[in-house]
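Here are my notes on the model, set out as numbered points. Please have the structure open as you read.

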Amino acid sequence: MAIRALLRTSAPYRRVISNRRSIATLPDNPHIYIFDDPASLHKSHILSLLPTNPPKPDLAIGTTTAIPATPASVKENHRFLDIVQTVIGIHAHQDPDIISQARAMASSGGSNLGSGASMFPSQRRQRQARQGPSYGGGGGAGGDGAGGASSQGGTGGGGRGGHIHVYDYRHPPDYGRIPDPEDIFGSLEVDAGGGFVEGHGRYQRSVTYRLCTRDGILGLSPFLKERLVERLRLEEEMVG
């Protein structure tokens with residue numbers, strides 16, 4: 001799979017030129033910039049979606065003591081994660097991929113997906129139901145025990161509506177299955193016609209999401225990534 005193959009690259013980092021200065025980026029996420037952390041007593045790096053040097057720690061993804069970043073090396077910036085969730089809550093229902101996912105749920109094809117399933121058109125698998133049973137029915141997320149939006153039932157279909165998950169692209173789920181709890185940003189509520197309830201889907205944040213997992217770090221859709229960078233630049237201008 002192309003996405004997972006990219007994550008396995010052996011190069012520790014890339015370098016890009018910004019404002020005539022060389023800035024390193026993560027090999028698996030070339031839009032994530034790496035800066036030395038002068039405030040760290042140990043050798044640590046600041047990870048940021050903005051190329052501004054020096055970076056503003058309050059707007060950074062977090063810090064890492066290793067490159068490539070790993071779950072053990074990364075310290076999340078909770079303010080950044082709050083900004084991510086705010087951006088998703090405002091714009092997720094406008095994302096072309098998520099709109100297609102909602103429409104698919106309401107279609108005859110969507111109604112054939114198992115409860116809790118999620119899919120994006122650009123990431124569909126060609127695997128069929130014969131590969132095994134999907135996650136359980138009802139409102140749970142396959143017994144993963146996760147709270148928040150990750151425990152919401154997924155696609156309903158069949159004219160019933162339901163919830164669809166907004167998830168991290170670093171580990172797309174197999175066809176007909178829900179993402180891992182640590183990859184779920186949250187969920188949107190969809191009506192029987194494939195539209196978003198109240199026009200925006202009443203986004204519900206998941207408490208199980210993690211910025212960095214064994215599969216990578218922060219993989220937003222192109223649309224949501226653009227909205228997030230716009231918000232971060234605005235926050236940066238406000239700080240001065």
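1. Let me begin with helix α4, where the buried residues are Phe-223, Leu-224, Arg-227, Leu-228, Leu-232, Glu-235 and Glu-236. Buried here means under 20% relative accessible area, exposed means over 50%, and partly exposed lies in between (1.4 Å probe, protein chains only). Helices (H or I, at least four residues) and strands (E, at least two) are DSSP runs, numbered from the N terminus.

2. Before going further, a word on the basis of these notes. This is a predicted model, in which local features need pLDDT of at least 70 and side-chain atom pairs count only at pLDDT 80 or more, while totals for chains, interfaces and linings use all residues. Residues are numbered from 1 along each chain as its sequence is written, and side-chain values use heavy atoms, with hydrogens and water left out.

3. Back to α4 and its surroundings. The cover over its buried residues includes α2, α3 (96–106) and β7, where contact means heavy atoms within 4.5 Å. The 18 residues of α4 should span 26 Å at 1.5 Å a residue, and the end C-alpha atoms are indeed 26 Å apart; the expected span is 1.5 Å times one less than the number of residues. After α4 comes Gly-240, with a positive phi near 85°.

4. Helix α2 (residues 78–91) can be checked in the same way. For its 14 residues the expected span is 20 Å at 1.5 Å a residue, which agrees with the 20 Å between its end C-alpha atoms. Its buried residues are Phe-80, Leu-81, Ile-83, Val-84, Gln-85, Val-87 and Ile-88. Among the elements that cover them are β6 (74–76), β7, β8, β9 (204–205) and α4 (222–239).

5. Do look at the start of α2 as well. There, a side-chain oxygen of Asn-77 comes to within 3.1 Å of the backbone nitrogen of Arg-79. This falls under polar contacts: pairs of N or O atoms within 3.5 Å, where within protein one must be able to donate a hydrogen and the other to accept it, and residues adjacent in sequence count only if both atoms are side-chain atoms.

6. What links α2 to α4 through charged side chains? Glu-235 and Arg-79 form a salt bridge, with their closest N and O atoms 3.1 Å apart. Glu-235 belongs to helix α4 and Arg-79 to helix α2, so this pair ties together parts that are 156 residues apart in sequence. Glu-235 is buried, at 11% relative accessible area, whereas Arg-79 is partly exposed, at 35%. A network of salt bridges links Arg-79, Arg-231 and Glu-235. The rule asks for a side-chain nitrogen of Lys or Arg within 4 Å of a carboxyl oxygen of Asp or Glu, and by it the count comes to nine salt bridges.

7. Another salt bridge on α2 is worth a look. Arg-205 pairs with Asp-82, and the closest N and O atoms are 3.1 Å apart. Arg-205 lies in strand β9 and Asp-82 in helix α2, so the pair ties together parts 123 residues apart in sequence. Arg-205 is partly exposed, with a relative accessible area of 37%, and Asp-82 is partly exposed too, at 36%.

8. Now to the strands. In β7, six of six residues are buried, so the strand is described as mostly covered. β7 and β8 run antiparallel and are joined by six bridges; two strands pair if DSSP finds at least two bridges between them. Ile-164 stands opposite Leu-188 in β8.

9. My last point concerns Asp-168, in the loop between β7 (162–167) and β8 (184–190). Is Asp-168 buried or exposed? At 0% relative accessibility, Asp-168 counts as buried. Its side chain makes a polar contact with the side chain of Tyr-209 at 2.7 Å, and a polar atom of that Asp-168 side chain lies 2.8 Å from the backbone nitrogen of Gly-219. Neighbours within four places in sequence aside, Asp-168 is in contact with Asp-183, Phe-185, Tyr-209, Leu-218 and Gly-219.
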